[in-house]
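Me: I'm new to this structure and would love a close look at one part of it, with enough of the surroundings to get my bearings. Could you walk me through it?

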Amino acid sequence: MTMRKNNLLRVASAVFKICNFVLLFAAVALTIIFIHLQIDREFYADWYINKPVANETITLKKAYGEVEDDPAKLYVKNWNKASLYFTYFKFMGVIGITFFAVSEFLKVIHSVRVRKTFGRQNVVSFRRIGIYSIVLSFLSGVSDWDFGNHHVSSVHLDFTYLIIALLAFIFAEIFKEGNQLMEENKLTV
Amino acid sequence: MPIIINLDRMLEERGMKSNELAEIVGITTANLSILKTGKARAIRFSTLEAICQALDCQPGDILEYVLD
C-alpha cells in the first residue's frame with residue numbers, strides 16, 4: 001500500500017536522486033581527467049588550483065594568456081605523482097561513500113512512501129549512514145598537496161560529519177524502538 | 001514465555017475447529033494461529049471476551065501461568 005501523495009517526500013526523493021547523479025557525473029569526470037593527465041600532462045600546462053586554505057573550496061581553473069609563476073597558483077603540471085594519486089583516490093572515496101550514504105537515505109524515503117517506515121531495513125540504513133559519515137569525517141580531513149615548491153600534508157577531523165553520524169545513530173535507535181513497537185502491535189491478537 | 005494458551009484443548013473439548021472460532025471471534029485464522037502457537041505478545045480484552053463467549057468458558061481456562 002502506498003502513501004497518499006506526499007510532496008515533501010517526492011521533492012526530497014527527486015533532490016537526492018539528482019545528488020547521486022551529480023556524484024556519479026563528478027566521479028566519471030574526475031576519472032577521465034585523471035587518466036588523461038597521465039597520458040598528456042602538457043595539455044594541463046595552464047591549469048591550476050589556488051593554494052588550498054582551510055575550509056576553502058578547491059576549484060580547478062584554467063589560466064588564459066601568458067602563464068606566469070604565481071606563488072598563489074599551484075599548477076597541475078607540477079603536481080607530484082604520489083600526491084596526485086592520493087588526492088584522486090581520496091576524492092573518489094569521498095564521492096563513493098557520499099553516493100552510498102545518499103542511496104541509503106533514498107531507501108529510507110522510499111520505505112516511508114510505501115508505508116514500511118518502521119521496517120528493520122531502516123535501522124540498518126541509518127546505522128550505515130552513521131558509519132559512512134564517520135569514514136567521511138576522517139577521509140575529508142586528510143590532505144596531501146605536493147606541487148614541488150608547495151607541500152602541505154594535513155590531518156584534521158571534520159566535526160560536521162561526526163555530528164551527522166551521531167544524529168544517524170540516534171535515528172537508528174529511534175527506528176529500532178519503532179520497529180519493536182510495530183512488531184508488538186503486529187503480534188497483538 | 002510462562003503464559004500458556006490452552007486454546008487447542010478448549011477447542012477439542014468443545015468440538016470446534018480453529019477456522020470456526022476465528023470466524024465467530026472475528027479474527028483471521030493467521031492471528032488465531034499466532035495465539036495458539038504462543039507467538040502472540042499480547043491479547044486484547046475484546047478478543048479474550050469474544051473467545052470466552054464463543055467457547056463458553058472463563059479466561060483462566062484459556063490462559064495458564066507456568067513457572068519457567
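In which helix of chain B is the place of Lys36(B)? Please start there and then widen the view.

Reply: Happy to! One thing to keep in mind from the start is that this is a predicted model.

Lys36(B) sits in helix α3 of chain B, a helix that covers residues 29–36. Is this lysine buried or exposed? It lies in between: Lys36(B) counts as partly exposed because it has 18 C-beta neighbours inside 10 Å, and a residue needs 20 or more to be called buried.

Who are its neighbours? Setting aside residues within four places in sequence, Lys36(B) is in contact with Ile5(B), Leu7(B) and Asp8(B). Ile4(B) is worth finding too: 32 residues separate Ile4(B) from Lys36(B) in sequence, while their C-alpha atoms are 9.0 Å apart in space.

The helix that holds Lys36(B) also plays a part in how the two chains meet. In total, 11 residues of chain B are in contact with four residues of chain A. On the chain B side, helix α3 supplies the largest share, three residues. That side of chain B is made up of six nonpolar, two polar and three charged residues.

Now for chain A, the partner. Its 189 residues include 13% that are buried. Chain A has four helices and five strands, which follow one another along the sequence as α-β-β-β-α-α-β-β-α. Of the contacts in chain A between residues at least 6 apart in sequence, 72% link residues at least 24 apart.

How much confidence does the prediction carry here? The average pLDDT of chain A is 88, and 88% of the residues score at least 70. Among the elements of chain A, helix α3 (residues 120–139) has the highest mean, 96, and strand β2 (residues 60–62) the lowest, 70. Where pLDDT is low, the predicted coordinates should not be read in detail.

Strand β2 of chain A belongs to an open sheet of three strands, ordered β2-β1-β3 with antiparallel pairing. β2 and β3 (73–75) of chain A are the edge strands, each pairing on one side only. On average, neighbouring strands in this sheet are turned by 45° against each other, direction ignored. Strand β1 (residues 47–50) of chain A pairs with β3(A) over three bridges, and Asn50(A) has Lys73(A) in β3(A) as its bridge partner.

Further along chain A, strands β4 (residues 142–146) and β5 (residues 151–155) pair in the antiparallel sense over five bridges. Asp144(A) is matched with Ser153(A) in β5(A). The two strands form a hairpin with four residues between them, and Gly148(A) in the turn has a positive phi of about 75°.

Let's finish with the cores. In soluble globular proteins, nonpolar side chains tend to be buried together. The largest nonpolar core here has 11 residues, including Phe105(A), Phe126(A), Ile129(A) and Phe175(A). Helices α2 (81–113), α3 and α4 (159–186) of chain A each give two or more residues to this core, with α3(A) giving the largest share, four residues. A second, separate core has nine residues, among them Leu7(B), Leu21(B), Val25(B) and Leu32(B). That brings us back to where we began: Leu7(B) is one of the residues in contact with Lys36(B).

Technical notes
Residues numbered from 1 in each chain as written. Chains lettered and ligands numbered in written order. Predicted model: local features only at pLDDT ≥ 70, side-chain atom pairs only at ≥ 80, totals over all residues. Contact = placed C-beta atoms within 7 Å. Nonpolar A, V, L, I, M, F, W, Y, C, P; charged D, E, K, R; others polar. pLDDT = per-residue confidence, 0-100. Buried ≥ 20, exposed ≤ 12 C-beta atoms within 10 Å, placed from the backbone. Pairing = 2+ DSSP bridges. Axes fitted to C-alpha atoms, helices over the stretch in contact; angles between N-to-C directions. Core = buried A, V, L, I, M, F, W, Y, C linked by C-beta atoms within 7 Å.
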